[in-house]
Amino acid sequence: MQESNRATLARSTLIVMVSFGLAKVISLVQTFIIAQTFGLTSDYDAYVAANRLPEVIFNLIAGGAIAFAFIPVFTGLLAQGERTTAWKTASHVVNTIFAVTFVVSAIAFLFAPWLVTSIIAPGFDNPVTQTQTIEMMRILLVSTLIFSVSGMVMGILQSHNRFLLPALAPILFDVGILIGVIFLLPIMGVHGLAVGAVLGAAMHLAIQIPGLFRVQARWFPELGWNDPNLRRIIRLMIPRVADLGLISLSTIFTQNLLSRLGEGATSAFDWGWRLMQIPETLIGTAMGVVIFPTLSALSSLGDENGKRGAMSGALRFIYIATIPSAIFLIVGGRTLISILEGNMFDTAATNLVYSTLQFFAIGIIVHSMLEVVARSFYADKDTLTPLLVAVGGAVVNIVFAVLLTGALTGDARQENVGGLALANTLGIAFEVTALMWILRKRWHGLNENEMARTALKATAASLVMGAAVVAVNAVWNSLGLSGRGTVMTIIQAALELGVGGLVFVVTAYLLKMDEVKTLIAQGIQRVRALPKRGQVEATT
């Protein structure tokens, strides 16, 4: 990969990561307020359960088309100079996606009572909780309609290598929910979260509209079902939609089990997932979004060496970022939970969330790897293989979910909820392992020796970091500083993160990890260059 391409890739990755980071900061503020307001209660259980089906509808319909079927076809038409055809195809896709989403959402709206009580949350035996779930599901279906358009707009802008507005869109979505949390919760109760999500979806779309003008977008008010490019996109979509359908099946199945584990189980599972998603989104999703166009271009050129280098480089970056993140959440996750809940959880509730987070923490690594590995197949226009492997992953998830939850009516909720988190991790680990094995055969290697060295060194440095975090925590407790309020807990977390991060970097440097050395060298170079840039700007 040429130096200019690397710089562009790095810059795009940084834009996406910073934007995702801002979104996660806002999301943490939401989480803090929600935890302070609801804790592990049936009200929040109802909101989490209500959001399951709208998410499934979006992922199956719009989510299946955007990144993996639409972008390769749309970019191909633009590259060939067929702009009018490209915009007609984009219009046909947007119009069709919206129409299908509208029909499916309308059906879900009408049958919401049966869906909630029979499939999504049959274990909710409180009529009030059931009613709340039904009402909020209907509200959230409106956001699904908006996202069906906004998601396609995001794909259009990314096809033009414009990542800023699509990266800002999730921030606006989180701002909408935050408005709901701050201003609507006191008025509407938990329903304010759902209304805030609809507002956030509208803002998610609105922020991207200027980008359409910048790329000179055109819209044609027609379905265009005779368009051969639309049919091609649909053919590419089908395996991906089936893949997402399996994921959705696992999600609904997990929610069904959670609803039977008693009050707070659904909330605890969601808290663990939210905390795991912070590093996973910043690392895995950001890298996957940015590396996909590069992999697609290399695949079109038939550059096998380039694909191996791009993918293995992305995975090595994921290793040095996710392995320490996982270890930190395992040993220091309780401190983070204490910040979020602000003494609103009792000991049992904290233990429930922490045990769930520990099992999800392991999944940070494989979830992040899947973002890149799966896209390597989609770049080769192979959407069938990931589907077949996902079948195995779904089976692993469901089997272990049943085995690890044990007696659904027992009192061991901690083991049950943690078991569901572990089952999810094992299912994704199966997918990543199988897909990498297939890619190794197809691409005649994956630079696996380099990746193995990076993974081993990152693990060693992370274990040293974990020991340092445990030591900091032990000293803090021995000084009697724990349990003295949110401010002291934030200081404790910052100290653990600072010491842990420093120990990891120093250990990685001593282990001669080239990736960390390069990052340090680039950082020093940029700092030294700052005064020169200022001088240049002053003279221009």
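## A tour of rings and a nonpolar patch

Start by selecting Trp271, which has a relative accessibility of 4% and therefore counts as buried, the cut-off being under 20%. Keep in mind along the way that this is a predicted model.

**Stop 1: the partner of Trp271.** Now add Tyr44 to your selection. Tyr44 is buried too, at 1% relative accessibility. How many aromatic pairs does a search of the whole structure find? There are eight. In one of them, the ring centres of Tyr44 and Trp271 are 5.0 Å apart and the planes meet at 5°, so these two rings are stacked. Colour the helices and you can see that this pair links distant parts of the chain: Tyr44 belongs to helix H2 (residues 42–79) and Trp271 to helix H10 (residues 265–301), with the two positions 227 residues apart.

Next, show Tyr47. Ring pairs join Tyr47 with Tyr44 and Trp271 in a cluster.

**Stop 2: a tilted pair.** Select Phe58 and Phe147. Their rings make a tilted aromatic pair, with 5.8 Å from centre to centre and 55° between the planes. Phe58 is in helix H2 and Phe147 in helix H5 (residues 127–159), so this pair ties together parts 89 residues apart in sequence. Buried or partly exposed: which word fits each ring residue here? Phe58 has 21% relative accessibility and so counts as partly exposed, while Phe147, at 15%, counts as buried.

**Stop 3: charges over rings.** Select Lys88 together with Phe220. Lys88 lies over the face of Phe220, 5.5 Å from the centre of the ring. Then move on to Arg138 and Phe109. Here the charged end of Arg138 sits over the Phe109 ring, at 4.8 Å from its centre.

**Stop 4: the nonpolar patch.** Keep Phe109 selected, since this residue leads to the last stop. Phe109 lies in helix H3 and has a relative accessible area of 38%, so it is partly exposed. Turn on the surface and select Phe98, Phe102, Val103, Ile107, Phe109, Leu110, Phe111, Trp114 and Ile119: together they make a nonpolar surface patch of about 910 Å². Which helix gives the most to the patch? Helix H3 does, with six residues. Colour helix H3 (83–110) and helix H4 (112–120) separately to see how each supplies at least two residues of the patch.

Definitions and conventions:
Residues numbered from 1 in each chain as written. Predicted model: local features only at pLDDT ≥ 70, side-chain atom pairs only at ≥ 80, totals over all residues. Heavy atoms only, no water. Patch = residues over 30% accessible without salt bridge, like charges linked within 9 Å, V, L, I, M, F, W, Y side chains within 5 Å. Areas by Shrake-Rupley, 256 points an atom, 1.4 Å probe, with all protein chains shown as cover. Salt bridge = Lys/Arg side-chain N within 4 Å of Asp/Glu carboxyl O. Helix = DSSP H or I, 4+ residues; strand = E, 2+ residues; numbered from the N terminus. Buried < 20%, exposed > 50% of the residue type's maximum accessible area, 1.4 Å probe, protein only. Phe/Tyr/Trp six-rings, centres within 6.5 Å; stacked < 30°, edge-to-face > 60°. Lys NZ or Arg CZ within 6 Å of the ring centre and 35° of its normal.
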